[in-house]
Amino acid sequence: MSETPEKINLLGLSPAKMEAFFADMGEKKFRAQQMLKWIHQYGEANFDNMTNMGKPLRARMAEVCEIRLPEVIYEDFSKDGTRKWVMRMDGGSAVETVYIPEKDRGTLCVSSQIGCSLDCSFCSTGKQGFNRDLSVAEIIGQVYVAAMSFHAPGERRERRITNVVMMGMGEPLLNFDNVVDAMNLMMDDNAYGLSKRRVTLSTSGVVPMMDKLGDVTDVSLAVSLHAPNDELRNQLVPINKKYPIKELIAATNRYLAKLPDRRKATIEYTMMEGVNDEMEHAEQLSVLMKQVPCKINLIPFNPFPNSGYKRPSNNRVYRFRDYLVNQGHIVTIRSTRGDDIDAACGQLVGKVQDRTRRSERYINAVQIDESSQGNQ
């Protein structure tokens, strides 16, 4: 007995792939635009309700394709208005997605992998280990779920999400093709219609893929730096051992040079007490950042269990900022949002069926450390 062919999930088709899908069905290109609007602007998943398509076409689509969303297994609301969703993906693992409302915008933080293949020492996501890359449907599905949560299915989507940042779980550039297709959907006028300035990809510094990214898109770029010298960054961001700061800065400048406008990179710098928040670090960072058009985003560390790091005092953060500003840099301090629901930067955990056994080693190391302290 032959198996039933797996249906194509239209949720994950980029504009170009949606056109190719309808071309293979013998349909005109405009069908792709219609379908994109039904899915991403009206939140419609029932082909029978797509009344500007003929009944025969709707029947054929029901046979060969579907619009399948990630399963929302948990949703929480912070007292500051931040919202967090935990979404279960195929295989049982789950990722977290966070919406942060502000006066002039609503920013959605989207995950690109289940867990993270990198192991930055100050990030709770990295301690969960790594399972797999997310598909295009699983990435854009996070945007869909958040966007449609503000109104009923079938109603035209109100634009509550004005910005998307690829800063959730995972390293986006290690899931390159799927992330690029998902970002193309975010920026397509028939889908979410976001400006290229309002879609930001954050990377820890996968230098070859940064160059590749500049050849296929012009979204905004954020760089997770977190240390002003190689010795310290090797400890905090292990990928620095492969692509040191000099190469990372050069790749950032190459990316910015390809953009059609004079945009700046965002340099992310998580501050940890006694680790990278001394004035000597501010001085080194100032010299380093004069090599690249950028704005510096200081992020006071958000604690998570057994991290081993502490949040610096406000006075230390302000002193660090003031020095950089006096040196002529554009500097912001990221306000902590959603920490009461563990939705703040660096706190995203989800549920990762770890294929790397990193989470097991981390838990064992913590238990050994606690045991040794208890015996002292």
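**Entry 1: conventions and overall figures**

I take contact to mean heavy atoms within 4.5 Å. On that basis I looked up the share of long-range pairs: residues 24 or more positions apart account for 68% of the contacts in the protein with a separation of 6 or more.

I note that this is a predicted model, in which local features need pLDDT of at least 70 and side-chain atom pairs count only at pLDDT 80 or more, while totals for chains, interfaces and linings use all residues. Residues are numbered from 1 along each chain as its sequence is written, and side-chain values use heavy atoms, with hydrogens and water left out.

I assigned secondary structure from DSSP runs (helices: H or I, at least four residues; strands: E, at least two), numbered from the N terminus. The protein has twelve helices and 14 strands.

For burial I used relative accessible area with a 1.4 Å probe and protein chains only: buried is under 20%, exposed is over 50%, and partly exposed lies in between. Of the 376 residues in the protein, 53% are buried. I took accessible areas from the Shrake-Rupley method with a 1.4 Å probe, where for residues only the protein chains shown count as cover. The accessible surface of the protein comes to about 17,400 Å², and carbon and sulfur atoms hold 48% of that surface.

**Entry 2: annotated positions**

I consulted the UniProt record, an unreviewed entry, which lists Gly170, Glu171, Ser202, Ser224, Leu225, His226 and Asn302 under "binding site". UniProt positions are given in the numbering used here, feature names are shortened, and annotations may be inferred rather than shown by experiment.

I then examined two of the listed residues. Glu171 sits in the loop between strand S9 (163–166) and helix H6 (176–187). Glu171 counts as buried because its relative accessibility is 2%. Leaving aside neighbours within four places in sequence, I find Glu171 in contact with Ser112, Gln113, Cys116, Leu118, Ser202, Thr203, Ser204, Gly205 and Val206. Among these partners, Ser202 also appears in the UniProt list.

His226 is placed in the loop between strand S11 (220–224) and helix H8 (230–236). With a relative accessibility of 5%, His226 is likewise buried. Its contacts, again without neighbours within four places in sequence, are Phe122, Leu236, Val237, Glu268, Tyr269, Thr270 and Asn276.

**Entry 3: salt bridges**

I defined a salt bridge as a side-chain nitrogen of Lys or Arg within 4 Å of a carboxyl oxygen of Asp or Glu. By this rule I obtain 21 salt bridges.

I inspected Glu66 and Arg68, which form a salt bridge with the closest N and O atoms 3.0 Å apart. Glu66 is partly exposed at 23% relative accessible area, and Arg68 is partly exposed at 34%.

Next I looked up Lys196 and Asp218, whose side chains meet in a salt bridge of 3.3 Å, N to O. Lys196 lies in the loop between H6 and strand S10 (199–203) and Asp218 in the loop between helix H7 (207–216) and S11, so the pair ties together parts 22 residues apart in sequence. Lys196 is partly exposed at 29%, and Asp218 is partly exposed at 21%.

I also recorded the salt bridge between the side chains of Asp215 and Lys258 (2.8 Å, N to O). This pair links distant parts of the chain, with Asp215 in helix H7 and Lys258 in helix H9 (residues 245–258), 43 residues apart. Asp215 is exposed at 60% relative accessibility, whereas Lys258 is partly exposed at 40%.

Finally, I noted that salt bridges sharing partners join Glu27, Arg31 and Arg60 into one network.
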